[in-house]
Amino acid sequence: MESAGTEPEPERCPPAQEPPVSPALPAEEPERSEAAPEPQQEAEGVPPPAPVAQGRRPSGPGSKGQAKRCSAGKGGRGKRGSTRRAGEEGGRPARRAHVTVDSSKAKTSLEALKISLRQLRWREFPFGRRLPCDIYWHGVSFHDNDIFSGQVNKFPGMTEMVRKITLSRAVRTMQDLFPEEYNFYPHSWILPEEFPLFVAEVRMMKESDPPWKPTFIVKPDGGCQGDGIYLIKDPSDIRMAGNLQSRPAVVQEYISKPLLIDKLKFDIRLYVLLKSLEPLEIYIAKDGLSRFCTEPYQEPTLKNLHQVFMHLTNYSLNIHSGNFIHSDNANTGSKRTFSSVLYRLSSKGVDIKKLWSDIISLVIKTVIALTPELKVYYQSDIPAGKPGPTCFQILGFDILLMKNLKPVLLEVNANPSMRIEHEQELSPGVFENVPSPVDEEIKVAVIRDTLRLMDPYKKKKKDNQSQLSENAADTKDELLEPGSTDQLEHISKNPEASLPSLCLKQVFPKYAKQFNYLRLVDRMAALFIRFLGVKGTMKLGPTGFRTFIRNCKLSNSNFSMASVDILYIDITRRWNSMGLDQRESGMCLQAFVEAFFCLAQRRYKSLPLHEQVASLIDFCEYHLAILDEKRLVCSRGMTERRAELGTCQPDGLHLTAATHAPLLNRMTAANKLTDYRNHRS
Ligand code: ADP
């Protein structure tokens, strides 16, 4: 993993080599445009016309309401009069406004970002900008800078969510509900608290299957680049000397039969774009990187356990091996494109389609495990009503292929390295950063196409954004003769026309139907957030929990409010004693989920866990819908009484925001009632 703040690849960054740019797309500074004044103008206090929706935020977490293209011209000059048709200027099609990007916090992704921006002809602000930018490119976390508008390439809480322990917990909750669907994550135990469980379970398994000779991998929480990782054969080999209390860790079943190429173990780094949390939108890059070990693989034995170049695929470790081969093309060396590996596998008869589909499924399921808690972070950092920003994020998924081609999730990186150069030793002790063509090919495309998908000026097309690639290609191929003046004009007005088709493929909501049934914790999180009360908190207080029980009609003669309090105290105390987040007292989402499981088991004894939980969620949502309905009737009654008293708006027709909301709620309430009744019948 690459931790927050540290990236595994060398820090020094000489200017990277530019990729070939279309002859119609000069690499110089982007042209001036109506909506993008020169920096000089800004310094003189001439503000560029702000995009219409800048600084405004839509209602839901991470929702995709984005700034719309500015249709009015520069204030005072009136070049783009409001009476003109949108998209026209002086009878000619209007030039695209340049998207503005603040790259001042881009850190080691800066070189790849710069190339992407040049290809897109967007405006970069390398030292930040007094006025708001459309997009902020942060290198590490959401909190790199205070921003209140536009879009930022990090979600609050993502770094915390993908730490080894948090990820393991989130996946485990899903494994409890759907063991078959989540068997792509190795069996894991959290240390130190689950050490006794680890010992007991291993002993039990060994007793029931004597020939079983397992290996385990111990990974310090928050560690990165293979740091502190070691293999063991027996629980008693855990190194207590480092004091697990001060450095918690995850111990995991070691996948001892990985797929090998040229006798070497390798893993896959795939880039995944979380475009929006609500509604959930996920894209996967069509190509990624494969990182190879530098010693031929042997199944773990006591003799070879410590050989990191054989067992760990980390680039940052293997680069120090004398056998490391810098790739000068995509198909060879210690770091190659994933597509070159797929090509090789396909030539050996491997069903590549099935492999991709398994990988997509792994990615969607993992994101589904992460989103509930991300939503809690989101509402805490950007509560509804706060202007913004909206968020998106590129994640790095590390995946291992087993010998039988089953993909296994190793980890998720919130800050995957976007460096496009590597360090090379020219002579003993003399190092130089040189461009890495393989990194550049993959990473620039991922950043550039993420930006294309987040383009705030792009009109929302009726058809899905995933069609973008086809559209770009189609427009070029079908409408224009290659090399014609029309084409050159088209390209100069729309730089995207000269770019390759999108490397990012939408997988959610595209495959939502197949995966929505897994989103139970998401629905629990919605209940949790509803009762959090004061905006900005992440933990539920005892009163909030009691209100949840009361409003959802969960207490009865068998389950008194006193028992509710005991349940709250028991579970909350235990979760807080794990020392996860001591900043706030109260019940965290994971503790709420545990309490919810208890309530579900108590009420629907005979069903499997996921059905118990789904039934209880339906039950809660049903009662909350009735409550919303009652509130609506009350508020409508009050409005009518006010109208009778003549206190309404003079025209009596305009709905205020306050009267809109209950109408929307009513529709949701009606749907919930129908859903619940259908489900029960
Ligand atoms: P880090 O964040 O320190 O890189 P990882 O979880 O990515 O930690 O593990 C480092 C390397 O160890 C991986 O790249 C992979 O090669 C190997 N590895 C990790 N977990 C397993 C596992 N369960 N089975 C086999 N190999 C593993």
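Begin by selecting Phe178, which is buried in this predicted model, its relative accessible area being 3%. Next, add Tyr517 to the selection; this residue is partly exposed, at a relative accessible area of 42%.

Display both side chains together. The structure holds 20 aromatic pairs, and Phe178 with Tyr517 is one of them, in an edge-to-face arrangement with 5.7 Å centre to centre and 90° between the planes. Colouring by secondary structure places Phe178 in the loop between helix H4 (164-177) and strand E7 (188-191), and Tyr517 in the loop between helix H13 (512-515) and helix H14 (520-531); the pair therefore ties together parts that are 339 residues apart in sequence.

Move next to Phe531 and Phe548. Their ring centres are 5.7 Å apart and their planes stand at 65°; because an angle over 60 degrees counts as edge-to-face, the pair falls in that class. Phe531 belongs to helix H14 and Phe548 to helix H15 (residues 542-551), so that this contact links distant parts of the chain, 17 residues apart. Phe531 is buried, with a relative accessible area of 9%, and Phe548 is buried as well, with a value of 0%.

Now widen the selection around these two rings. Which residues form one aromatic cluster? Phe528, Phe531, Phe545, Phe548, Tyr568, Phe592 and Phe596 do so.

The tour ends with charged side chains over aromatic rings. Select Arg336 and Phe292: Arg336 lies over the face of Phe292, 4.1 Å from the ring centre. Then select Arg603 and Phe619, where Arg603 lies over the ring face of Phe619 at 4.3 Å from its centre.

Notes. Residues are numbered from 1 along each chain as its sequence is written. This is a predicted model: local features need pLDDT of at least 70, side-chain atom pairs count only at pLDDT 80 or more; totals for chains, interfaces and linings use all residues. Side-chain values use heavy atoms; hydrogens and water are left out. Rings of Phe, Tyr and Trp (its six-membered ring) pair if their centres lie within 6.5 Å; planes under 30 degrees apart count as stacked, over 60 as edge-to-face and the rest as tilted. Helices (H or I, at least four residues) and strands (E, at least two) are DSSP runs, numbered from the N terminus. Buried means under 20% relative accessible area, exposed over 50%, partly exposed in between (1.4 Å probe, protein chains only). A charge sits over a ring if NZ of Lys or CZ of Arg is within 6 Å of the ring centre and within 35 degrees of the ring normal.
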